[in-house]
Structures are given as structure tokens and as C-alpha cells.
Amino acid sequence: MTPEVTTQLGKLFALLFMLMGPIATMPIFAMLTQGADARLTRQIALRACLFAAIAVVVAALFGYGVLTGWGASPASLIIAAGLLLLLS
């Protein structure tokens, strides 16, 4: 892997980490799985990770096509997301 690819992957991971908010969702997950055995908790966590990965892949593959189909530009999506993050 080239240094440029590694840098881009690092930026992508940091962005996804911030957007998904795993630190904020950990207490909710702990509360919902309280009293469950370790095997069930692990299964739920792995299933959630799988669904999140599928959602990211689908968005990466089809997101630009959907945006252009709706007549929106990636820049307008970035501005809208920034406003939502500012207001939340």
C-alpha cells in the first residue's frame, strides 16, 4: 500500500469513527445488553458491525448516483451535514 492510500484510509476511518459516534453508543449498548451472557452480547455486537459495514458499502457504491439523481451535489450534502452537526 502506498503512503497516499494509507493516509486516505486513515482520514476515512477517522471520519467514519466521528460520524458513527461509537463512544456515545457504548452506554446504550451496555444498557440494552445488561444481564445477557457474553456469547449473546458478542453476537449482537458482531451483527451490528456487519449491518453498519453493509450500510457504508452501499452508501459508497450508490450514494453519488442517488445524489445526482436527486439533483443534489456532494458539496450541498456536506453543507447540510455540517449544519446538522452544528445544531446537534
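Here is a short chat about a predicted model of a protein.

Q: Hi! What helices and strands does the protein have?
A: Hello! There are four helices and zero strands in this predicted model. Along the sequence the pattern reads α-α-α-α.

Q: Is the protein compact or spread out?
A: It is more spread out than a compact globule, because its radius of gyration is 17 Å, well over the 12 Å that the globule rule gives for 88 residues.

Q: And what box do the C-alpha atoms fill?
A: Taken along the principal axes, that box is roughly 45 × 40 × 25 Å.

Q: How many of the residues count as buried?
A: Of the 88 residues, 3% do. The accessible surface comes to about 7,500 Å², and 77% of that belongs to carbon and sulfur atoms.

Q: Let's look at one residue. Where is Thr-33 found?
A: Thr-33 is in the loop between helix H2, which covers 22–32, and helix H3, which covers 38–70.

Q: Is Thr-33 buried or exposed?
A: Buried: Thr-33 has a relative accessible area of 10%, and buried means under 20%.

Q: Which residues does Thr-33 touch?
A: Leaving out residues up to four places away in sequence, Thr-33 touches Thr-41 and Ile-44.

Q: New topic: what pLDDT does the protein average?
A: The average is 84, and 100% of the residues score at least 70.

Q: Which elements have the lowest and highest mean pLDDT?
A: Helix H1, residues 3–20, has the lowest mean at 76, while H3 has the highest at 88. As a general caution, predicted coordinates should not be read in detail where pLDDT is low.

Methods
Residues numbered from 1 in each chain as written. Predicted model: local features only at pLDDT ≥ 70, side-chain atom pairs only at ≥ 80, totals over all residues. Heavy atoms only, no water. Helix = DSSP H or I, 4+ residues; strand = E, 2+ residues; numbered from the N terminus. Rg over C-alpha atoms; globule rule 2.2 N^0.38 Å. Buried < 20%, exposed > 50% of the residue type's maximum accessible area, 1.4 Å probe, protein only. Areas by Shrake-Rupley, 256 points an atom, 1.4 Å probe, with all protein chains shown as cover. Contact = heavy atoms within 4.5 Å. pLDDT = per-residue confidence, 0-100.
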